[in-house]
Structure formats: C-alpha cells, structure tokens
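Subject: Structure for you to look at

Dear colleague,

I am handing over the structure below, and I would be glad if you could keep it open while you read the notes that follow it.

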Amino acid sequence: MTAEAGIELSWAFEKAFHKYTAYESQPRDFGIGFPLTQNEIHAIVVVCENEGISLGELARMRGVTKGAMSQLVSRLVKKGLLVKETAEHSASYVSLTPTKLGRKAHDNHSRAHKTMGKTIDQELFSDMSVEEMKRITQKFNRFAELLDAEMEKEGA
C-alpha cells in the first residue's frame with residue numbers, strides 16, 4: 001500500500017466514523033413513548049440477552065467504566081426499563097433484568113436492526129467474500145486495541 005492510499009483510507013474511515021457518531025447521538029423512540037440514546041438501548045439489549053448480568057459485566061461488555069454504567073443503569077431503572085437487584089449471595093453483586101417495557105424497546109430495536117442490516121449487507125458487503133469481511137473485522141478490532149493502548153498511555 002502506498003502512503004497516499006493509507007492516508008486516503010484513514011480519512012475515509014474518519015469521515016464515516018464521525019457520521020456514525022452523529023447518527024448514534026440522535027435519541028430514538030423504540031415504540032415505548034419516549035426516546036432513548038444509543039447507549040441506553042444497547043445496554044438494554046445486553047441485559048435482555050444476558051438476564052441477571054452484573055453491573056460490572058455489563059460495563060465490561062459495553063467498554064465503559066463501572067461508574068459510568070452505574071449512572072446509565074440508574075437512568076434506565078427510573079425510566080422503568082430495567083430492574084436492579086442485589087444478589088442474595090453478595091451485597092456487592094448487582095444483577096440486572098429487563099422490565100416488560102425494556103423488552104418491548106429491545107424487540108423494536110432488533111426489528112430496526114434487521115431492516116438496517118439488510119440494507120447495509122446489500123449496499124456494502126454483497127460483493128465481498130467472507131474472508132474479506134473477516135479481515136476487515138480483524139482490522140477494526142486491532143484499531144480498537146491500538147486506541148485502548150493510546151488512551152492507557154495518556155492516562156484516560
């Protein structure tokens with residue numbers, strides 16, 4: 001790869017990343033009568049797919065601190081989307097389960113993803129082999145690792 005091609009790829013990735021960030025920042029109503037941020041709905045998705053998950057495990061899976069997740073979960077509990085319970089075996093273990101409303105948000109979000117996923121699959125990936133997709137996935141995962149290392153060096 002030439003240096004110019006690498007720079008062009010980096011700029012294209014950055015542009016797409018910024019557009020995705022802007023898209024993700026827009027709260028949406030998932031058929032529950034009030035909007036949710038992407039962070040909120042994705043936390044609900046993880047809880048629905050891992051009932052009884054601990055607060056710490058949810059934070060790890062979402063790639064945020066336990067403190068940040070605790071604040072997010074508190075908002076979701078207040079909105080009636082999650083239930084937070086202390087486990088009998090440990091006062092420090094907080095387990096999370098979705099409410100009926102939380103499940104409804106999850107189900108509607110899943111339907112929206114299937115529709116969006118079909119469009120993305122058809123528009124972006126239909127001409128790619130499975131091997132090419134795996135290679136790109138590996139590159140994105142490596143990029144995330146490099147960002148983690150940079151943030152660690154900077155003390156973030």
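Helix 2, which covers residues 38-49, has 12 residues and reaches 16 Å from its first C-alpha to its last, close to the 16 Å expected at 1.5 Å a residue. Please keep in mind, here and throughout, that this is a predicted model. Helix 2 is mostly covered, since 10 of its 12 residues are counted as buried. The buried residues of helix 2 are Q38, E40, I41, H42, A43, I44, V45, V46, V47 and C48.

What does helix 2 pack against, and at what angle? Its partner here is helix 4, with the two axes 10 Å apart and an angle of about 85 degrees between them. An angle of 65 to 115 degrees counts as roughly perpendicular, and helix 2 and helix 4 are therefore roughly perpendicular to each other. On the side of helix 2 the contact is made by N39, E40, A43 and I44, and these meet M69, L72, R75 and L76 in helix 4. Sorted by kind, the residues of this contact between helix 2 and helix 4 divide into five nonpolar, one polar and two charged. Among the helix 2 residues in this contact, E40, A43 and I44 also appear in the list of buried residues of that helix.

Helix 4 (residues 66-78) also meets helix 3 (residues 55-62), where the axes come within 9 Å and cross at roughly 110 degrees. That makes helix 3 roughly perpendicular to helix 4. In this second contact, L55, G56, L58, A59 and R62 in helix 3 meet K66, M69, S70 and V73 in helix 4. The residues of the contact of helix 3 with helix 4 divide into five nonpolar, two polar and two charged. You may wish to look at M69 in particular, as this residue of helix 4 takes part in the contact with helix 3 and also in the contact with helix 2.

The sheet can be taken next. Three strands form an open sheet in the order 3-5-4, and their pairing is antiparallel. Strand 3 (53-54) and strand 4 (82-87) stand at the edges with a single partner strand each, so one side of each is left without a neighbour in the sheet. Strand 3 runs antiparallel to strand 5 (residues 90-98), and two bridges join them. In these bridges, I53 has L96 of strand 5 as its partner, while S54 stands opposite S95 in strand 5.

On the other pairing, strand 4 and strand 5 are joined in the antiparallel sense over six bridges. These two strands form a hairpin, with two residues between them. Along strand 5, S90 is the bridge partner of A87, and L96 stands opposite K84. L96 is thus a residue to look at in both pairings, being set against K84 and against I53. Helix 4 returns here as well, for it lies across strand 4 and strand 5 and runs at about 120 degrees to strand 4.

One residue further along the chain may be worth a look. Is N108 buried or exposed? N108, whose place is in helix 5 (residues 100-125), counts as buried because its relative accessibility is 19%, where the cut-off for buried is under 20%. Leaving aside its neighbours within four places in sequence, N108 is in contact with F30 and G31.

Finally, the chain as a whole. There are six helices and five strands in it, and, read along the sequence, they follow the pattern α-β-β-α-β-α-α-β-β-α-α. Taken along the principal axes, the C-alpha atoms of the chain fill a box of roughly 60 × 40 × 25 Å. Of the 156 residues in the chain, 24% are buried. Among contacts in the chain with a separation of 6 or more, 49% are accounted for by residues 24 or more positions apart.

With best regards

How values were computed. Residues numbered from 1 in each chain as written. Predicted model: local features only at pLDDT ≥ 70, side-chain atom pairs only at ≥ 80, totals over all residues. Heavy atoms only, no water. Axes fitted to C-alpha atoms, helices over the stretch in contact; angles between N-to-C directions. Helix = DSSP H or I, 4+ residues; strand = E, 2+ residues; numbered from the N terminus. Parallel < 35°, antiparallel > 145°, perpendicular 65-115°, else oblique. Contact = heavy atoms within 4.5 Å. Nonpolar A, V, L, I, M, F, W, Y, C, P; charged D, E, K, R; others polar. Pairing = 2+ DSSP bridges. Expected span 1.5 Å × (residues − 1). Buried < 20%, exposed > 50% of the residue type's maximum accessible area, 1.4 Å probe, protein only.
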